[in-house]
Amino acid sequence: MKQSAFVVLIVVACLVGLAGQAVADLNSLRGAEPVPAMEAPPAMMDFINDKENIKRSFEEQPPLVPHTNEKYTINLTTNKCLDCHMKQEGKEEAKSVEMSESHFVDRNGVKHTKPVGGRHFCTQCHVPQVDAKPLVGSTFQAAK
């Protein structure tokens with residue numbers, strides 16, 4: 001008898017709490033300010049197509065891509081970037097800036113002939129450069 005009375009008491013307390021929440025005035029973190037209407041998306045930026053390497057902003061920054069790559073296929077079996085950025089059989093150099101040796105070394109220090117798993121998906125680190133104004137202010141200064 002005592003156990004069933006305890007369960008009923010807990011259920012009643014939960015119902016009272018839920019009823020209190022239903023009538024309470026709820027405020028968002030923005031306060032009483034209404035949600036603004038959807039703004040138009042920003043205009044698409046043109047990629048900087050350049051033959052020269054784009055200057056890096058800080059040490060160890062992955063190089064920026066000086067061309068568009070949105071139509072390049074990069075999946076588990078195909079990587080269009082490798083067509084130009086990896087030495088081809090019988091060639092001394094790649095067609096474009098060659099990938100660094102770090103892309104061929106796994107976490108155990110073993111060197112491979114193809115980019116290792118974490119380095120196969122180029123767009124994880126390398127992004128095309130656009131001439132866009134910053135979204136927020138910053139006091140960041142590039143490495144000298």
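**Group meeting: a spread-out chain with two helices**

Okay, let's start with contacts: of those in the chain with a separation of 6 or more, 46% are between residues 24 or more positions apart. Keep in mind that this is a predicted model.

So what's the secondary structure? There are two helices and zero strands. And the overall shape? The radius of gyration is 28 Å, while the globule rule gives 15 Å for 144 residues, so the chain is more spread out than a compact globule. If you box up the C-alpha atoms along the principal axes, you get roughly 85 × 45 × 35 Å.

On to the surface. Just to put a number on burial, 13% of the 144 residues count as buried. The chain exposes about 13,000 Å², and 58% of that comes from carbon and sulfur atoms. As for charge, I get 16 positive and 17 negative side chains, with the centres of the two sets 4 Å apart.

Now let me walk you through three residues.

Asn-79 sits in the loop between helix H1, residues 2-23, and H2. Is Asn-79 buried or exposed? Asn-79 counts as buried, because its relative accessibility is 7% and the cut-off is under 20%. What does Asn-79 touch, once you skip residues up to four places away in sequence? You find Thr-73, Ile-74, His-120 and Cys-122. Have a look at His-120 in particular: its backbone oxygen lies 2.5 Å from a polar atom of the Asn-79 side chain.

Next up, Met-44, which is also in the loop between H1 and H2. Met-44 is exposed, at 75% relative accessible area. How far is Met-44 from Ala-132 in space, C-alpha to C-alpha? That distance is 9.7 Å, and the two are 88 residues apart in sequence.

Last one: Val-127. You'll find Val-127 in the segment after helix H2, which covers 82-85. Its relative accessible area is 38%, so Val-127 is partly exposed. Leaving out neighbours within four places in sequence, Val-127 is in contact with Leu-64 and Val-65. I also checked Val-127 against Pro-41, 86 residues apart along the chain, and their C-alpha atoms are separated by 20 Å.

To recap the three: Asn-79 is buried, Val-127 is partly exposed, and Met-44 is exposed. And for the chain as a whole, keep the picture of two helices and zero strands, in a chain more spread out than a compact globule.

That's it from me.

Methods: Residues numbered from 1 in each chain as written. Predicted model: local features only at pLDDT ≥ 70, side-chain atom pairs only at ≥ 80, totals over all residues. Heavy atoms only, no water. Helix = DSSP H or I, 4+ residues; strand = E, 2+ residues; numbered from the N terminus. Rg over C-alpha atoms; globule rule 2.2 N^0.38 Å. Buried < 20%, exposed > 50% of the residue type's maximum accessible area, 1.4 Å probe, protein only. Contact = heavy atoms within 4.5 Å. Areas by Shrake-Rupley, 256 points an atom, 1.4 Å probe, with all protein chains shown as cover. Lys, Arg positive; Asp, Glu negative; His and termini not counted. Charge placed at Lys NZ, Arg CZ, Asp CG, Glu CD. Polar contact = N/O pair within 3.5 Å; in protein donor to acceptor, adjacent residues only side chain to side chain.
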